[in-house]
Protein chains: 2
Amino acid sequence: MDVRHADRIADALEELVFTGQFNDGDRLDEIRLAKQFGVSRTPIREALQRLVASGIAEQLPRRGVFVRQPGPVELMEMFETMAEIEAVCGRLAARRISDEALAELEQANDLCRAAMASQDTDAYYRENERFHHTIYAQSGNSYLAGQALRLHRRLKPFRRLQLRLRGRLAQSMGEHEEIVAALRSGDDARAATALRDHVGIQGEKFRHLMTELRTAAQ
Amino acid sequence: MDVRHADRIADALEELVFTGQFNDGDRLDEIRLAKQFGVSRTPIREALQRLVASGIAEQLPRRGVFVRQPGPVELMEMFETMAEIEAVCGRLAARRISDEALAELEQANDLCRAAMASQDTDAYYRENERFHHTIYAQSGNSYLAGQALRLHRRLKPFRRLQLRLRGRLAQSMGEHEEIVAALRSGDDARAATALRDHVGIQGEKFRHLMTELRTAAQ
DNA sequence: AATCACTTTATTGTATACAAAAATGTTGAC
DNA sequence: GTCAACATTTTTGTATACAATAAAGTGATT
């Protein structure tokens, strides 16, 4: 386990930002972080560069690096983009998917359903991810799949919130089954629509949560 | 003009890689680059990190940073992804585009045609970019537009090659007009198809060039 | 008290020094 | 000549030192 400090720290900082340990606009103080991680400023700076490159933080020259939590508008845009990219993956996958992958999707769905029944949320999230990642891969375009994966990861913390809504899990399962059916039939337009709607609903639910929080705060 | 060395150098290196000054697998020697740019290793390392983050180079821990030119397969995947993303932008834009933007698209097309007539390739490329960038922006989703822009930039050097083919420019102009017509009519499916085909053809033409080069080399 | 010029401090960006690991070269046995 | 073990050199990764710039503090003037 001999990994570069900079990489380890970048992962740690990313996790801290994603889990809400930092607020939007917080300055990432190099010296403080250096002390905190027990290293010099050099690996810290490399880690910060990585955060900036992946859009998690913003750099103002000669001013510092600031965490940049996406606001409501940007989040909705990201969900819409995710919906469209998943739709594209589904459209391509409908024509290219293998029987093995179809079986894997159904297995993931079965395990999802079992996890829902036994209230095992970790297992649910894991199998849900496997479901989506399989579709990305079956687009037959590894570049596209990589892009989809990136955004999927970025939205992970926000998707979790929305999945906590009452009845959302069961609804989501139903959508998954429609997606598999579309893929199995090879109907690319149907697969695209099913996936776009599935992810689009996530965005809708999330927006709902946001406005509720907003009005509750007032 | 007081920009960080690291940023300036990252841009310069990116340009060097894009213009083919480096071959796939070339190691980016920190010390050599430091001498070359007249700075220390520190800003060079920051610049290299940026290249790695944007996928232009690859980092092997404790080994170095190596340029990573996309191969034929990855390039085709990138073109396919670009086609799909542009199709998405077009689909959304068909419902959201403003009259001003439609006028801008037509103006860009007019200037493109004029540039074609006067053999002004620089002007052609400029207006062609304006055309596509306008569509990205009119998707009404700035996150999606940003992603489209990124990939568009990445493919720029390869798109230029394909545009040199005999008759391709005129054909491309016709496709542009179909795109505008679709957007004007608000027919989202038609706009998506027009854009997907337009960019898809670019990929096809490019693949053609590649295989020709391949067979010529043998 | 508010504001402006000026000084001081803090922080970023860059250079250099050092440590650790990989690449390279050398020697000797077979 | 080939290969392996060891020594040397190079190169990466990190720490520290220094320079440049922005932020904060101080005091005089109105």
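Contact is taken here to mean heavy atoms within 4.5 Å, and it is on this basis that the interface of the predicted model is described. In these terms, 100% of the interface residues of chain B are also interface residues in chain A, so the copies meet through the same surface. The relation between the copies was examined by superposition: a rotation of 180°, with 0.0 Å of shift along its axis, brings chain B onto chain A with an RMSD of 0.1 Å. The two copies are thus related as by a two-fold rotation axis. Among the residues of chain B, the closest approach to this rotation axis is made by B:Ala53, whose C-alpha lies 3.1 Å from it.

Within chain A, the secondary structure comprises 9 helices and 2 strands, and these elements follow one another along the sequence in the pattern α-α-α-β-β-α-α-α-α-α-α. The C-alpha trace of chain A extends over about 55 × 45 × 35 Å along its principal axes. Of the contacts in chain A with a separation of 6 or more, 71% are accounted for by residues that stand 24 or more positions apart.

As to burial and surface, chain A consists of 218 residues, of which 45% are buried, while the area exposed by chain A amounts to about 10,900 Å², with carbon and sulfur atoms supplying 50% of it. Chain A carries 32 positive and 33 negative charges, and the mean positions of these two sets are 6 Å apart.

Definitions and conventions: Residues numbered from 1 in each chain as written. Chains lettered and ligands numbered in written order. Predicted model: local features only at pLDDT ≥ 70, side-chain atom pairs only at ≥ 80, totals over all residues. Heavy atoms only, no water. Least-squares fit on C-alpha atoms with pLDDT ≥ 70 in both. Helix = DSSP H or I, 4+ residues; strand = E, 2+ residues; numbered from the N terminus. Buried < 20%, exposed > 50% of the residue type's maximum accessible area, 1.4 Å probe, protein only. Areas by Shrake-Rupley, 256 points an atom, 1.4 Å probe, with all protein chains shown as cover. Lys, Arg positive; Asp, Glu negative; His and termini not counted. Charge placed at Lys NZ, Arg CZ, Asp CG, Glu CD.
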